[in-house]
Structures are given as structure tokens and as C-alpha cells.
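Trainee: Can we go through this one together? I'd like to start with a helix end.

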Amino acid sequence: MSSPVHRVLPEAKKRALIDDDKYLKWYKQSVKSPEKFWAKHGKRIDWFTPFTKVKNTSFKGKVSIKWFEDGVTNVSYNCIDRHLKKRGDQVAIIWEGDNPYDDKKITYKELHEHVCRLANVLKSNGVKKGDRVTIYMPMIPEAAYAMLACTRIGAVHSIVFGGFSPDALAGRIEDCDSRFVITADEGLRGGKTIPLKANTDKAIEIAARDGAKVDKVLVVQRTSAKVNWVEGRDLWYHQEMAKAKPECPPAKMKAEDPLFILYTSGSTGKPKGVLHTTAGYLVYASMTHEYVFDYHPGDIYWCTADVGWVTGHSYIVYGPLANGATTLMFEGVPNYPSPSRFWDVVDKHQVNIFYTAPTAIRALMGAGDEHVTKSSRKSLRTLGSVGEPINPEAWEWYYNVVGDGRCPIVDTWWQTETGGILITPLPGATNLKPGSATRPFFGVQPQLVDNEGNVLEGAADGNLCIIDSWPGQMRTVYGDHERFIQTYFSTYKGKYFTGDGCRRDEDGYYWITGRVDDVINVSGHRMGTAEVESALVSHDAVSEAAVVGYPHDVKGQGIYCYVTLMHGKEPSDDLRKELVGHVRSEIGPIASPDKIQFAPGLPKTRSGKIMRRILRKIAEDDFGSLGDTSTLADPAVVDDLVENRQNRK
Ligand code: PRX
């Protein structure tokens, strides 16, 4: 199959930091002599004590990953202080509120003061180096201050996306034993409020039942809504900040000191606390930010993600700020107050680099070109995509309509675990094929293997592994190193297994085909089907549940649930609604089931294993090719499932 190729645009090549020759040369060096390559690029950040050791990593046995291990540095120093002399008055953060009339600009000098004050607030309330701080915030500058203040004193932040429910928040507070929570009275998105403080109160109550204790809750006033107040525990952000000193020295952090924990879903069990450490992560986030987006000083850069996801960590806060960039933080949603919001913001702030998710592109494509074409978008130079495979139609629309055919698209493949982008085009170097993430970034060695682990060479379709470490890689699952080894290094021994399927074409380009495990990707949000199943079975009426993804025009994948009811319970539309509400309250609105099919039985093998392959096919309305069903304990259940399928075309 040959795909259309969009050749490197001459303009992009002219201004680019990296052209194809340089890419090929650097890539070769990076895999041939990683020590030498990363010794050079490790110097892109400032060190209090320079490293002498570069790479000390093993994917075998106990799995140990250390980069720059004897170096000493500090993330907030690198993201703020080191820029003060040259660009203290430059805008570090442009904040664009949910309401288009609401915005502000924060210079590096101001950022320094906010972060120092907040670091002092944390300290004076007992937070010490190594302590875990949970951040449950809307997209306001205080979220970035909170992250940076933690890094300033060596506290480890754990951000929980503001769309998660109290239950989900409680689980994450408990897992990392976090005693300090930073939140806001309410969040504001698309004109609707989100009761963050009330959710936090509930979460703390839930966590307390398991013996977890939160000592302090720092509350930012966002909407000034009236909130419940626990004297002695709750603190107003503005009051504490006013009392705090505007200077706080950055803590001396070892390269491998923990930086943050971010929970993410896998195919089994509860979400894992992905742990990233200090120096390798920052080197990798800043380097990828510069080269992948072809960032030049003075550029206005906008990533539309939420800081609750890894994209927000690496490419709203740490990467751009380490590079002294102006990063735009957006509180709202793409279609509020109208589907032209993104492009209005691009024009308003003269955005040069724009990075978003395919789900947003598809939704805006559906709203009609006129919302785009009425804006100028002349400032745009590089467009980015992340989070899920981008279908070629959406890619072409993004390229031709949004970018007017003059901005390269970087389709960046990576994961929470990888810390930064691993497979991606570079704007001035890579010919583009719509739908392909193209080629590996420096130092990244992808490998495709079949299900038995045999290495596939040349053009092939297989499971995507990475065979050697890169500095941004996660170091462990918080509190459970064995799970880290099991999850990522045991399927194919000695290799990092990504969980993604992938095709490599005749030009060596990589095409991510989606997850090969029981993880689904809904609007770029990653979700374990097991989590949704356990939320469903926690409802009184449900005896058993099986959840699969199915192709969805806008969301990429939708959530399809098969539910077997308890004896005596009757299927009904009301019960369906109740179950949707139940999952929303257990996990959060992002996990809302799209389809619920009541099923008298699920297809199981004689040993009791649910045959998901069959459930996936039925959910896709592709029941003509169910394959072999003869090994089922009761083949008749399939007829009922097909008969009552919810996705009839
Ligand atoms: O399946 C891949 C998909 O998103 C997964 C990682 O999800 P998460 O850890 O939440 O991080 C998302 C943002 C980095 C991957 O295993 N994915 C991410 N980017 C792409 C992608 N699939 C295809 N193309 C991409 N560009």
C-alpha cells in the first residue's frame, strides 16, 4: 500500500533547527554511542553539580534505569531562575480563560515570585523533600505554580485530572500516601462549573475510611463559590501566599530523585503510579520540545492538553519553560463559546506552534470549515497531534484547512510512561505521510516483534517494543517495582513493551495501529477496560460486566459495556441510565459508557475466560466474522448477543 507523501516544506526546512541530513547523522550517533550523545545533550539544562556518569540502564532482571546519576540540579531553577537575567520580563505563561474576555500574562519574573511564595507556603505547612503533594486543579496558572513549587523544594507532585471523581481521587491520594492537597473552589469549563473542593472533601472522607490522612488542603479561589470549610485543615491560597516570603532557594536534587507521579491505566488492576525522576525527564522533555516543534526563541507555543495528563506535564509546563518559551495555558474547551474558539485564540495571541489531539480535530472538522476559515491563522507555523492515531481524513483537514497547506504536522507518538515524544516527524527534516508518526526521535530504538517475540525486520506489522533506554523513561511504578517489571519488561524479555500494535512500512515509517491490550483510548484519554468493569460490578444490580472499545467517529473509540444482571433484576432504559451515572461517579465523566447491552450470559471458554475477541466484533457490528466459537462453554450466548447488539448499522 503506498500512501500520499507531503514533502518537507521549503519554508519549514529553511528555518528548521534540524534538516534530514542532520537528523540521520544525529540519530546514528545517538544509537551508536548513547553515552557520548547524551553527555552532550545533558548539558542543555543547568547543573549545580555536573554529572560524570551518563547512562546506567538495564531492561533485564530487576530493571534499573539511571541517567546522569551523580549530577545535582533542580527543575524549577531550570524552568525559571536561569531565564531571569535574559528574559525576566518576557511572558512565560499566557493564560486564556474559559470566558474569552478572561486572560492574563505572567512574566518569568512574576512566575519566580509566585513559585517561591508557594514553595514557602508548602514548607511552612510541613511539606518536605520527598513528600507527595496531590494537585487537583483547573487549568489556571496556579496549577503550574503548584507543580513548580513542589519541584523547588523537592516534593513529588501527583496531579489528578479535574474530571476524575472523588473515588478516583481518593484512590490516588491513598496510593501515594499524600498528606497535602492543592485544589480550587470550583473549576470552569465550557461555561460549566466543576465542584473541585466538594469532590476533594468527599475524596478525603473516602480515603480516611482506609486510614489515609490528609493534613492540609490549600484552596485557590477560582469562582468564589461558597464551599465547605474544615478549620485547621483547609487553607485559602490567597491568604497563605500573602503571608509567604517571595524568595525560596531551589533544593539541590539528585538526578534520580523523584519528580512526579502520574497515575495511568493499564490492562489490569487499579491505575499505576508512573514515577518520573528529575534530570533525565527534564533533559528529554526540553530537547523534544525544542526539536519536535522546531521551537525558536520568541515563539508563542500552545498545547491544548490539560495538566492532568502527561502531555500537560511535559509540553505545557516542563519542556517549554525549561526552554524559556512562552507557553499558553487554556482553561476552556474547543467548542465554547463557539467552534472557532481555538482559531480565535490563535489569532488573539499570535500562536506559532499549536499542539492538540485528533479527537478535537475530528470534532471541529465536523462543525464545518467556516469556523476555521473566518480566522487568519497566519501566525501558525507548526501543527502537532498527540494521544491517538490520527485518521488520514482528519490529518488532511488539519493540514489543508487549519494550516492552509503551509504548516508541517508533527504526529507525535508517546505515552505517560515515556515522559516525552518517542516517534515523530521533525518539521524541517521529515517527509510526512498522513496517519504515520514516521520515525524515531534521537536515541529511541523501536523494534517490532510478533506474538512469540520473534523480531520482525523490514516492512512488518507487530507489537511495538523499545529496546534501549532514553532519559525520559519512567523509572518504576510508585511503590511496586515488581509491577513495573511485570507490566513492561516481561512480555518480551529485556525489552520495553509499549502495549501498542504498529506497522513499519517500506520506508521505515512507523504507523501506530492502537493498543493490543485491554486498554482503550477514548478522546485521547487512556482507560483500562478492567476499571470500567469493576465500576459496573460495584453496582447492586450487576453480576458481571465486560467492556470493550469500538470505533467512534469523534472519540476514536467508544465504550461498549456488556452487562449481566443479578437474578431478579430486569433490564430497562432507566437502569441503563443509572449504570452510566454510576460509572461516572466511580471514575469520572470521561469513562461514561456509550453503549450498554444487557446480556443473559457472556461468551466464555470452558475454563471461564471471557472471549473478548467476540465481544469486540459484536460491538463493531462485525458479527459475520466471529471466528471459531466452538471452544465456548455455551455457544448459544453469542446468538443472543448478536441479536441484541447496540451498534446496528
Ligand atoms: O496507544 C497509544 C496512544 O496513546 C497511548 C498512550 O496514552 P497516554 O499514556 O495517556 O499518553 C497520551 C499522550 C502521550 C499510546 O500507547 N497514542 C499516543 N499518541 C499517539 C497514540 N497513538 C497513535 N498515534 C499517536 N500519535
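Trainee: What phi does G324 take, just after α12?
Mentor: G324 takes a positive phi, about 70 degrees. This is a predicted model: local features need pLDDT of at least 70, side-chain atom pairs count only at pLDDT 80 or more, and totals for chains, interfaces and linings use all residues. Residues are numbered from 1 along each chain, as its sequence is written.

Trainee: And how are helices like α12 picked out?
Mentor: Helices are DSSP runs of H or I with at least four residues, strands are runs of E with at least two, and both are numbered from the N terminus.

Trainee: How many residues of α12 are buried?
Mentor: 13 of its 13, over residues 310-322, so α12 is mostly covered. A residue is buried if 20 or more other C-beta atoms lie within 10 Å of its own, exposed if 12 or fewer, and partly exposed in between; C-beta atoms are placed from the backbone.

Trainee: What about α11, how much of that is buried?
Mentor: 14 of its 15 residues are buried, so α11 is largely enclosed by the rest of the structure. The helix covers residues 278-292 and reaches 21 Å from its first C-alpha to its last. That is close to the expected 21 Å, where the expected span is 1.5 Å times one less than the number of residues.

Trainee: What comes just after α11?
Mentor: D294, with a positive phi of about 50 degrees.

Trainee: Now α9. Which of its residues are buried?
Mentor: L196, K197, N199, T200, D201, A203, I204 and A207. An α-helix has 3.6 residues a turn, so residues three or four places apart point the same way.

Trainee: What covers them?
Mentor: The cover over the buried residues of α9 includes α8 (166-175), β6 (132-136) and β11 (216-220). Contact here is two C-beta atoms, placed from the backbone, within 7 Å. After α9 comes G211, with a positive phi near 90 degrees.

Trainee: Switching topic. Which residues come nearest the ligand?
Mentor: P389, Q415, T416, I512 and R526, out of the 22 residues around the ligand. Near means a C-beta atom, placed from the backbone, within 6 Å.

Trainee: Which elements supply at least two residues of that shell?
Mentor: α12 again, plus β20 (409-412), β25 (496-504) and β26 (510-515).

Trainee: How does the shell split by class?
Mentor: Seven nonpolar, 10 polar and five charged. Ala, Val, Leu, Ile, Met, Phe, Trp, Tyr, Cys and Pro count as nonpolar, Asp, Glu, Lys and Arg as charged, and the others, Gly among them, as polar.

Trainee: Any odd backbone spots? Where does F68 sit?
Mentor: F68 is in the loop between β2 (64-67) and β3 (72-73). Its phi is positive, about 50 degrees, although F68 is not a glycine. F68 counts as buried, because it has 30 C-beta neighbours inside 10 Å.

Trainee: And R377, buried or exposed?
Mentor: R377 is buried, with 20 other C-beta atoms within 10 Å. It lies in the loop between α15 (370-373) and β19 (382-386). R377 has a positive phi too, about 60 degrees, and is not a glycine.

Trainee: Which peptide bond is cis?
Mentor: The one from Y336 to P337, with omega near -5 degrees. P337 lies in the loop between β17 (326-330) and α13 (341-349).

Trainee: Last one. How is the protein divided into domains?
Mentor: Domain 1 is 1-73 + 408-513, domain 2 is 98-190 + 197-251, and domain 3 is 523-644. Those bounds come from an automatic or database domain assignment. The centres of domain 1 and domain 2, taken over C-alpha atoms, are 33 Å apart.
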